[in-house]
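Student: I should like to go through this structure by asking how each label is justified. Please set the values against the cut-offs in your answers.

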Amino acid sequence: MTADRGRDLVTGTLLLVVALVWIGLVLTTIPDAPGSPSSARTFPLASGIALAVLAGVVLVGAIVRPSAASTQKVGPGLDALEWRGIAATFGFLAAYILLLKLTGFLIGTVVVLAAFLYLVLGKRSPWLLIGYPVGFALAIWLILGKLLAVYLPVGELINLF
């Protein structure tokens with residue numbers, strides 16, 4: 001088994017477990033609206049099912065992939081740089097959750113995305129560090145918050161809207 005195949009098996013399995021837990025939580029915690037084609041649980045349930053299907057695709061691809069490099073010796077699954085990136089991603093996710101509560105969706109998203117681009121991905125372009133986070137946050141805020149009327153967190157310390 002090559003390192004890529006092993007990594008895909010682990011990733012697909014973890015994503016499948018997350019999807020199944022997500023689907024179970026959606027079905028047990030969000031009430032359904034009988035007689036209505038959609039309800040509050042429709043989008044979360046569809047997202048969980050989509051994640052499960054995509055995880056299945058990753059697993060099937062890893063299982064049926066021909067092993068062209070079967071003679072190569074398998075090295076370690078993740079090197080130190082990848083572990084650093086994984087840890088940084090989860091650290092930024094925790095910081096994002098905290099910032100969402102304190103500053104709200106717009107400010108929290110802009111700050112965390114800009115910091116992630118700069119500190120983890122090493123992007124140094126001022127246009128990218130300002131444009132992408134602001135554009136992304138505004139687009140999501142307009143589409144989800146205004147067009148679809150999805151609740152987005154407002155800040156306890158700073159409340160823009």
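Tutor: Let us begin in the interior. Phenylalanine 92 and phenylalanine 116 are both buried. Please bear in mind that the model is a predicted one.

Student: What makes phenylalanine 92 and phenylalanine 116 an aromatic pair, and why is the pair called edge-to-face?

Tutor: Two rings pair if their centres lie within 6.5 Å, and planes over 60 degrees apart count as edge-to-face. The ring centres of phenylalanine 92 and phenylalanine 116 are 5.3 Å apart and the planes stand at 90°, so both conditions are met and the pair is edge-to-face.

Student: Which parts of the chain does this pair link?

Tutor: It links distant parts: phenylalanine 92 belongs to helix α3 and phenylalanine 116 to helix α4 (residues 105-119), with their positions 24 residues apart.

Student: How many aromatic pairs does the rule give?

Tutor: The count is two aromatic pairs. Tyrosine 132 and phenylalanine 136 also form one, with 5.9 Å from centre to centre and 25° between the planes.

Student: Why is the pair of tyrosine 132 and phenylalanine 136 called stacked?

Tutor: The term stacked applies to planes under 30 degrees apart, provided that the centres lie within 6.5 Å. For tyrosine 132 and phenylalanine 136 the angle is 25° and the distance 5.9 Å. The pair is stacked. Both residues lie in helix α5 (residues 126-147), four residues apart, which is about one turn of the helix.

Student: Are tyrosine 132 and phenylalanine 136 buried, partly exposed or exposed?

Tutor: Buried means under 20% relative accessible area and exposed means over 50%, with partly exposed in between. Tyrosine 132 has 40% relative accessibility, so it counts as partly exposed. Phenylalanine 136 has 36%, and therefore it too counts as partly exposed.

Student: What makes arginine 124 a charge over the ring of tyrosine 118?

Tutor: For arginine, CZ must be within 6 Å of the ring centre and within 35 degrees of the ring normal. The charged end of arginine 124 sits over the ring of tyrosine 118, 4.1 Å from its centre.

Student: How do you know that lysine 101 and glutamate 156 form a salt bridge?

Tutor: The rule asks for a side-chain nitrogen of Lys or Arg within 4 Å of a carboxyl oxygen of Asp or Glu. Between the side chains of lysine 101 and glutamate 156 the N to O distance is 3.2 Å, and they meet in a salt bridge. This pair links distant parts of the chain: lysine 101 is in helix α3, glutamate 156 is in the segment after α5, and they are 55 residues apart. A search of the whole structure finds one salt bridge.

Student: Why are lysine 101 and glutamate 156 called exposed?

Tutor: The cut-off for exposed is over 50%. Lysine 101 has 51% relative accessibility and so counts as exposed. Glutamate 156, at 55%, therefore counts as exposed.

Student: Which residues make the nonpolar surface patch, and why is isoleucine 97 called exposed?

Tutor: The patch, of about 540 Å², is made by Trp83, Ile86, Phe90, Leu93 and Ile97. Isoleucine 97 is placed in helix α3 (residues 80-103). Its relative accessible area is 54%, so it is exposed.

Student: Why is isoleucine 30 called partly exposed?

Tutor: Isoleucine 30 has 21% relative accessibility, so it counts as partly exposed, the limit for buried being under 20%. Isoleucine 30 is placed in the loop between α1 (3-29) and α2 (42-64).

Student: What is notable about the phi of alanine 149?

Tutor: Phi is near 55° there, a positive value in a residue other than glycine. Alanine 149 is found in the segment after α5. With a relative accessible area of 65%, alanine 149 is over the 50% cut-off and so is exposed.

Student: How many helices and strands does the chain have, and how confident is the predictor?

Tutor: The chain has five helices and zero strands. Its average pLDDT is 86, and 87% of the residues score at least 70. Among the elements, α3 has the lowest mean pLDDT (86) and α4 the highest (94).

Methods: Residues numbered from 1 in each chain as written. Predicted model: local features only at pLDDT ≥ 70, side-chain atom pairs only at ≥ 80, totals over all residues. Heavy atoms only, no water. Patch = residues over 30% accessible without salt bridge, like charges linked within 9 Å, V, L, I, M, F, W, Y side chains within 5 Å. Areas by Shrake-Rupley, 256 points an atom, 1.4 Å probe, with all protein chains shown as cover. Helix = DSSP H or I, 4+ residues; strand = E, 2+ residues; numbered from the N terminus. Buried < 20%, exposed > 50% of the residue type's maximum accessible area, 1.4 Å probe, protein only. Phe/Tyr/Trp six-rings, centres within 6.5 Å; stacked < 30°, edge-to-face > 60°. pLDDT = per-residue confidence, 0-100.
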